[in-house]
Amino acid sequence: MQIHGAHGYLVAQFLSPLANRRDDDWGGDPKRRMRFVLEVVRRIRARVSPGFAVGIKLNSADFQRGGFTEDESRGVVAALAQEGLDLIEVSGGSYESPAMMGTAAASTRAREAYFLEYARTVRGLVGDIPLAVTGGFRSRTAMEDAIGDGECDVVGIGRPTATITDAASAILTGRADTLTTHQSRSGMRGVLGRVVDIKALDGILDLGWHTDQLHRISAGLEPDPHRGRLATTVALLRRNGRTPLRPKRGG
Ligand SMILES: Cc1cc2nc3c(=O)[nH]c(=O)nc-3n(C[C@H](O)[C@H](O)[C@H](O)COP(=O)(O)O)c2cc1C
């Protein structure tokens, strides 16, 4: 099982100084903010058999001003490495700032893998625990380099699998050198950026487009790579209401 400690969900909220405004034993400084995740790991470990695999997905940062930083994240990785985990997976961002969808600043997008630079910096902290990196990987070369150079042990693939359901085997067997992606972007620019967070919107639309593909597959249909923005937006509104399209905070 994998604990979701990333993308703005509960564990990530405890870690983030933006979301966690507590001033008791569960918040206030990095050590107290990480108490929740450590307790979650310990309680699960105590209940499962020793051979049961327990992993975690953790944000390298939440990519928001005043939020959870890479330095803090490294502190959490160092602490988690003492807790008998079987996998630590690195990701980043949240629905408000979807870095995991590739919307983060260009400097974090070294090569094609968004969080590989960060992964390098925690390599020495995780000891023998396998390190996984997810986000942006598309070519076999980049995957092989990341593993071959020892930057990570596991490569995660998300969006390509929504249209190429055997993406992992296509790469592993050499049938494909690169996985095609279909990024759905809002196409909004300029003045609209003052009222709407375009990067966040683009990330949400991209997520919605791929979610639609998963719905198609589960209904026995083929993926539809030509699915347009309008259909994606309508499906998104049906599923999530207007929340994803709300105006910028304070904007
Ligand atoms: C449709 C869809 C659903 C996702 N659901 C989850 C999820 O439930 N848990 C999770 O940790 N990440 C989820 N993600 C994020 C992916 O795990 C991954 O971090 C992200 O897609 C970046 O990897 P990629 O560039 O290979 O797509 C989802 C992504 C998409 C597109």
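Student: What makes the pair formed by the side chain of Arg-159 and an oxygen atom of the ligand a polar contact?

Tutor: Good place to start! In this predicted model, an N or O atom in the side chain of Arg-159 is 2.6 Å from an oxygen atom of the ligand. A polar contact needs a pair of N or O atoms within 3.5 Å, so this pair counts.

Student: How much of the ligand does the protein bury?

Tutor: The ligand exposes 610 Å² when taken alone, and the protein buries 78% of that.

Student: Which part of Gly-136 lies 2.7 Å from an oxygen atom of the ligand?

Tutor: Here a backbone N or O atom does the job. The limit is 3.5 Å, so the Gly-136 pair is a polar contact too. For Arg-138, an N or O atom in the side chain is 2.8 Å from a ligand oxygen.

Student: How do you know which residues surround the ligand?

Tutor: A residue counts if one of its heavy atoms lies within 4 Å. There are 17 such residues, and His-4, Lys-57, Gly-136, Gly-158 and Arg-159 are the closest. Helix α9 (residues 198-218) gives the largest share, four residues. By class, the shell has five nonpolar, nine polar and three charged residues.

Student: Why is Asn-20 called buried?

Tutor: Buried means under 20% relative accessible area. Asn-20 has 7% relative accessibility, so Asn-20 counts as buried.

Student: Where does Asn-20 lie, and what does its side chain reach?

Tutor: Asn-20 lies in the loop between α1 (10-15) and α2 (30-33). Its side chain reaches the backbone nitrogen of Arg-22 at 3.0 Å.

Notes: Residues are numbered from 1 along each chain as its sequence is written. This is a predicted model: local features need pLDDT of at least 70, side-chain atom pairs count only at pLDDT 80 or more; totals for chains, interfaces and linings use all residues. Side-chain values use heavy atoms; hydrogens and water are left out. A polar contact is a pair of N or O atoms within 3.5 Å; within protein, one must be able to donate a hydrogen and the other to accept it, and residues adjacent in sequence count only if both atoms are side-chain atoms. Accessible areas come from the Shrake-Rupley method with a 1.4 Å probe; for residues, only the protein chains shown count as cover. Helices (H or I, at least four residues) and strands (E, at least two) are DSSP runs, numbered from the N terminus. Ala, Val, Leu, Ile, Met, Phe, Trp, Tyr, Cys and Pro count as nonpolar, Asp, Glu, Lys and Arg as charged, and the others, Gly among them, as polar. Buried means under 20% relative accessible area, exposed over 50%, partly exposed in between (1.4 Å probe, protein chains only).
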